[in-house]
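Student: I should like to learn how to read this protein model with some care. May we proceed by question and answer?

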Amino acid sequence: MFRLLSMLSTILAFLTLIILTAGQNCESPQFKVTTYSTQDARLTTESAAQLEFTVKCKNGKQPSNLYADINGQIIPCAQSVSSPGKYYISGSAATPKQLARGRISVKLYDDDSYSALRKARADDAVKAVKPFGEVELICSGASYGPWLPSEFFAVIVFGAIWWIAYRERSKILV
């Protein structure tokens with residue numbers, strides 16, 4: 001009898017655990033987004049962009065994993081260890097011109113929607129999968145700086161001062 005009660009209590013505890021953990025997804029996610037991108041193209045060999053975002057859910061449940069769809073390429077989001085709900089996405093391009101300037105739409109998928117996305121094979125089926133959320137990566141574009149570097153202007157000013165001083169010296173000595 002004791003053995004039967006022990007087994008029933010174990011089964012009941014297991015079923016309670018399944019019921020409590022199942023079906024708890026993030027409801028009404030809100031995103032706070034910060035973007036960073038390469039600003040000066042003359043000082044770097046590659047351009048990089050980083051998207052940092054915080055997810056806040058209405059019910060307080062945070063997604064365990066998030067995946068980002070950037071122009072059809074799916075990459076996993078890195079999650080912050082120190083602050084829950086904070087995720088990072090980063091990417092780089094070989095040249096500053098390869099990193100698109102402007103707003104890039106990034107679709108986010110949680111575990112459930114990502115598995116549905118992986119199961120979808122056709123383009124229509126992929127479009128039917130609803131993402132967990134969507135954020136924008138804002139790339140301001142890299143600056144190549146002024147057309148003429150400041151060193152050039154310094155040489156021109158130095159040359160003009162030298163020429164004026166030499167001319168005035170020649171007038172005094174004549």
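Student: Along β8, which side chains point to one face and are buried?

Tutor: This is a predicted model, in which local features need pLDDT of at least 70 and side-chain atom pairs pLDDT 80 or more, while totals for chains, interfaces and linings use all residues. Residues are numbered from 1 along each chain as its sequence is written, and side-chain values use heavy atoms, leaving out hydrogens and water. In a regular strand the side chains alternate between the two faces of the sheet. Along β8, Glu134, Glu136 and Ile138 point to one face and are not buried (buried means under 20% relative accessible area, exposed over 50%, partly exposed in between, with a 1.4 Å probe and protein chains only), while the buried side chains on the other face are Gly133, Val135, Leu137 and Cys139.

Student: Which strands are the edge strands of the open sheet?

Tutor: Strands are DSSP runs of E with at least two residues, and helices are runs of H or I with at least four, numbered from the N terminus. Two strands pair if DSSP finds at least two bridges between them. The sheet has the order β4-β3-β7-β8 with antiparallel pairing. The strands that pair on one side only are β4 (73-76) and β8 (133-139).

Student: How many bridges join β7 to β8?

Tutor: The two strands run antiparallel. Within this part of the sheet, arginine 103 stands opposite isoleucine 138 in β8. The number of bridges joining β7 to β8 is seven.

Student: At about what angle to β7 does helix α2 run?

Tutor: Axes are lines fitted to C-alpha atoms, for helices over the stretch in contact, and angles run from 0 to 180 degrees between N-to-C directions. Contact means heavy atoms within 4.5 Å. Helix α2 (residues 111-119) lies across β3, β4 and β7 (102-109), and its angle to β7 is about 95°.

Student: Why does the pair of tyrosine 67 and tyrosine 114 tie together parts that are apart in sequence?

Tutor: Rings of Phe, Tyr and Trp (its six-membered ring) pair if their centres lie within 6.5 Å; planes under 30 degrees apart count as stacked, over 60 as edge-to-face and the rest as tilted. Tyrosine 67 and tyrosine 114 form a stacked pair, with 3.9 Å centre to centre and 15° between the planes. Because tyrosine 67 lies in strand β3 and tyrosine 114 in helix α2, the pair joins parts whose separation in sequence is 47 residues.

Student: Is phenylalanine 132 buried or exposed?

Tutor: Phenylalanine 132 forms an edge-to-face pair with phenylalanine 31, at 6.1 Å centre to centre and 85° between the planes. Phenylalanine 31 counts as partly exposed because its relative accessibility is 25%. Phenylalanine 132 has 13% relative accessibility, and therefore counts as buried.

Student: Which element gives the largest share of the largest nonpolar core?

Tutor: A nonpolar core is a set of buried Ala, Val, Leu, Ile, Met, Phe, Trp, Tyr and Cys residues joined through side-chain atoms within 4.5 Å. The largest one has 21 residues, and those with the most contacts inside it are Phe53, Cys77, Ile89, Val106 and Leu108. Two or more residues each come from β2 (47-56), β6 (86-93), β7 and β8. The largest share, four residues, comes from β2.

Student: What percentage of the chain over residues 147-166 is helix?

Tutor: An unreviewed UniProt entry annotates residues 147-166 as "transmembrane region"; its positions are given in the numbering used here, feature names are shortened, and annotations may be inferred rather than shown by experiment. In the model, the end C-alpha atoms of residues 147-166 are 30 Å apart, with 0% strand between them, and the helix content is 85%.
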